Amino acid sequence: MCVFCKIVNGDIPSHKIYEDDDFIAILDIAQSTIGHALIITKKHYDNVFALPEETAGKLGALAVKLANHINGVLGAGNMNLLNNAGPLAGQTVNHFHLHLIPRYENDGMIIKFDNNKLTEAEFNDLRAKLEITKK
Ligand SMILES: [Zn+2]
């Protein structure tokens, strides 16, 4: 059983701040910034690619609720909502979880986005590959 399944089951203690039928939210043991929390599915899904869309919908609503709650209590006013899916994306526990990371002035945390330049033709080719229609 994975470490997050053990936390969900209560076999490993955690600092739980929320629970419903589908999710728990806990304070991350490694506080990247003060208030860093994780929303964890109660059921084991390896990552976002395995998450049912219905669960994802509930997750989205909960993420907004908890983001506002955490910001309201801690007064950060800024937050990263972050999911790592797969080892190249930095996933270290293979059980779906969403990071809520409040951001503060000079908090020392760095998230870097590269700025790769594509030509218009490259953009059009990529868009044609990725475009999907709503079901
Ligand atoms: Zn698990």
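Which residue in β5 is the bridge partner of I40? In the predicted model described here, that partner is H97, and the pair belongs to the antiparallel pairing of β3 with β5, which extends over four bridges.

The secondary structure of the protein chain comprises three helices and five strands, and from the N terminus on these elements follow one another in the order α-β-β-β-α-β-β-α. Taken along the principal axes, the box filled by the C-alpha atoms of the protein chain is roughly 50 × 35 × 25 Å. Of the 135 residues in the protein chain, 18% count as buried, and among contacts between residues at least 6 apart in sequence, 57% join residues that are at least 24 apart.

The five strands are arranged in an open sheet whose order is β1-β2-β3-β5-β4, with antiparallel pairing. The edges of this sheet are formed by β1 (residues 16-19) and β4 (residues 79-82), each of which pairs on one side only, and from one strand to the next the twist averages 15 degrees. Helix α2 packs on the sheet and touches β1, β2, β3 (37-41), β4 and β5 (97-102), while the direction of α2 makes about 20 degrees with that of β5. In general, the strands of a sheet pair through backbone hydrogen bonds, in either a parallel or an antiparallel sense.

At one edge of the sheet, a hairpin leads from β1 to β2 through three residues, and β1 and β2 (residues 23-27) are paired in the antiparallel sense over three bridges. Within this pairing, K16 has I26 of β2 as its bridge partner, and Y18 stands opposite A25 in β2. On the next step across the sheet, β2 and β3 run antiparallel and are joined by five bridges, with F23 finding its bridge partner in T41 of β3.

Strand β3 is mostly covered, since five of its five residues are buried. In a regular strand the side chains alternate between the two faces of the sheet. For β3, both faces are covered, with buried A37, I39 and T41 on one side and buried L38 and I40 on the other. Several of these residues recur in the largest nonpolar core, which has 17 residues and in which A25, I26, A37, L38, I39, I40 and L100 touch the most other members. The elements that contribute two or more residues to this core are α1 (3-9), β2, β3, α2 and β5. When residues up to four places away in sequence are not counted, L100 touches A37, I39, A63, L66, A67, I70, M79 and L81.

The geometry of helix α2 can be checked against its length: at 1.5 Å a residue, the 22 residues of α2 (residues 53-74) should span 32 Å, and the end C-alpha atoms are 31 Å apart, which agrees with that expectation. Just after α2, G75 adopts a positive phi of about 70 degrees. The loop between α2 and β4 also contains N78, which counts as exposed because 12 C-beta neighbours lie inside 10 Å, a residue being exposed if 12 or fewer other C-beta atoms lie within that distance. Leaving aside neighbours within four places in sequence, N78 is nevertheless in contact with P102 and R103. The C-alpha atoms of N78 and Y104 are separated by 6.9 Å, although these residues are 26 residues apart along the chain.

A further loop, between β5 and α3 (120-130), is the place of N106. Most residues other than glycine have a negative phi. N106, which is not a glycine, has a positive phi of about 55 degrees. This residue counts as exposed because 5 C-beta neighbours lie inside 10 Å.

Technical notes: Residues are numbered from 1 along each chain as its sequence is written. This is a predicted model: local features need pLDDT of at least 70, side-chain atom pairs count only at pLDDT 80 or more; totals for chains, interfaces and linings use all residues. The expected span of a helix is 1.5 Å times one less than its number of residues. Two strands pair if DSSP finds at least two bridges between them. Axes are lines fitted to C-alpha atoms, for helices over the stretch in contact, and angles run from 0 to 180 degrees between N-to-C directions. Two residues are in contact if their C-beta atoms, placed from the backbone, lie within 7 Å. A residue is buried if 20 or more other C-beta atoms lie within 10 Å of its own, exposed if 12 or fewer, and partly exposed in between; C-beta atoms are placed from the backbone. A nonpolar core is a set of buried Ala, Val, Leu, Ile, Met, Phe, Trp, Tyr and Cys residues joined through C-beta atoms within 7 Å.
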